[in-house]
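Colleague: Could you walk me through one spot in this protein up close, and then show me the whole chain around it? I'm new to this, so please explain the terms as you go.

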Amino acid sequence: MKCLRIAVLPGDGIGPEIIKEAVKVCDSISKKFGHEIKWNYALVGAAAIDATGNPYPNETHKICENADAILFGALGDPKYDNDPTAKVRPEQGLLEMRKKLGLYANNRPTFVFPSLLEKSPIKRDRIIGTDLVFVRELTGGIYFGEKGTKENGKVAYDTCLYSEKEIIRLAKVGFDLARKRNKKLCCVDKANVLESSRLWRKTIQGMESSYKDIEVSYEFADAVAMRLIQSPNMYDVLVTANLFGDILTDEASVISGSMGLMPSASIGSKTSLYEPIHGSYPQAAGKNIANPIATILSAAMMFEQSFKLSEESQMIRKAVDLCINESILSEDLALSKNAYSTSEIGSWISEKILSL
Ligand code: IPM
Ligand code: MN
């Protein structure tokens with residue numbers, strides 16, 4: 001038996017609803033395997049701004065730092081998106097959290113479910129067998145470089161800066177992951193244009209001799225954007241900078257048929273964080289229609305990576321596979337008259353775990 005301390009940050013929009021289902025599933029797992037979970041709830045995003053004026057309050061940071069893992073919903077609220085003059089924004093909370101917790105590597109998988117191939121916007125024969133993972137750098141690059149405006153706000157700039165140290169620690173995560181998978185690593189950059197990309201390439205080339213069993217390739221980000229649509233099943237692990245990773249992982253996420261299916265892990269120097277890759281989907285908030293599977297699969301990643309409990313993790317994934325095979329699907333994947341609600345899907349998976 002293990003006692004697991006999990007910080008739960010439901011956030012905004014559909015965040016609280018999908019988190020509730022993931023918590024249900026984790027509770028089923030702890031019942032089945034005799035673990036004890038201590039859930040510690042904390043505010044983040046617009047919910048935290050409304051309550052405290054700060055999108056990532058210090059109290060939330062303390063709860064995260066003292067946890068074994070963090071389960072995160074989503075953040076963002078249209079009332080801030082449509083106000084370019086807003087001084088505080090929910091997204092700042094996420095960026096601050098990544099920085100303060102040192103969450104430097106964002107592991108975002110894309111895989112397909114055989115029974116959902118027809119739901120993909122891409123033809124079936126192109127996506128069969130797709131199983132790739134982006135390892136996106138998350139605490140550096142243009143997101144965090146020097147930025148500002150000049151000439152009375154008529155000129156603005158953002159700087160993309162990377163150190164060799166940052167590239168090495170990120171690439172290590174990618175190489176080690178490739179070693180456990182299909183032993184292929186693709187470095188995605190714009191080394192034909194950007195100085196920082198040339199440092200990425202040089203640094204990763206320098207690491208190749210320590211990973212002789214890994215087949216390393218180098219591709220430009222624009223070409224990867226194209227090949228992700230043409231033949232996503234040729235990739236295994238892709239390592240890339242913050243902004244390229246942001247854009248390409250959204251593109252990759254729809255290959256499975258819905259953004260509501262894909263989980264993610266942000267690995268840090270302290271506590272790691274697990275979250276669905278989709279956003280807060282404010283139009284669906286409170287309607288009990290969102291797909292909870294991405295969050296439930298994020299919990300599966302948490303059991304595997306943070307708690308080293310593989311059997312528990314596999315059981316969550318198995319229950320999710322059964323749920324999808326039996327067409328227990330939410331609105332994003334089913335005709336609305338046949339769709340199941342967020343809570344029905346969470347309950348189905350939780351009960352399935354108890355009967356497996
Ligand atoms: C993501 C999101 C964030 C990002 C936003 C909300 C700041 O799009 O997690 O991919 O750009 O990193
Ligand atoms: Mn994004």
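Modeller: Here is a close look at serine 272, followed by the chain as a whole. Keep in mind that this is a predicted model, where local features need pLDDT of at least 70, side-chain atom pairs count only at pLDDT 80 or more, and totals for chains, interfaces and linings use all residues. Residues are numbered from 1 along each chain as its sequence is written, chains are lettered from A and ligands numbered from 1 in the order in which they are written, and side-chain values use heavy atoms, with hydrogens and water left out.

So, where is serine 272? You'll find serine 272 in the loop that links strand S11 (263-267) to strand S12 (273-276). Helices (H or I, at least four residues) and strands (E, at least two) are DSSP runs, numbered from the N terminus. Serine 272 counts as buried because its relative accessibility is 11%; buried means under 20% relative accessible area, exposed over 50%, partly exposed in between (1.4 Å probe, protein chains only). Skipping neighbours within four places in sequence, serine 272 is in contact (heavy atoms within 4.5 Å) with Ala69, Ile70, Leu103, Ser266, Ile267 and Ser306.

Now zoom out. Of the 356 residues in the protein chain, 53% are buried. Among contacts with a separation of 6 or more, 76% join residues 24 or more positions apart. The protein chain has 13 helices and 12 strands, and its C-alpha trace spans about 55 × 50 × 40 Å along its principal axes.
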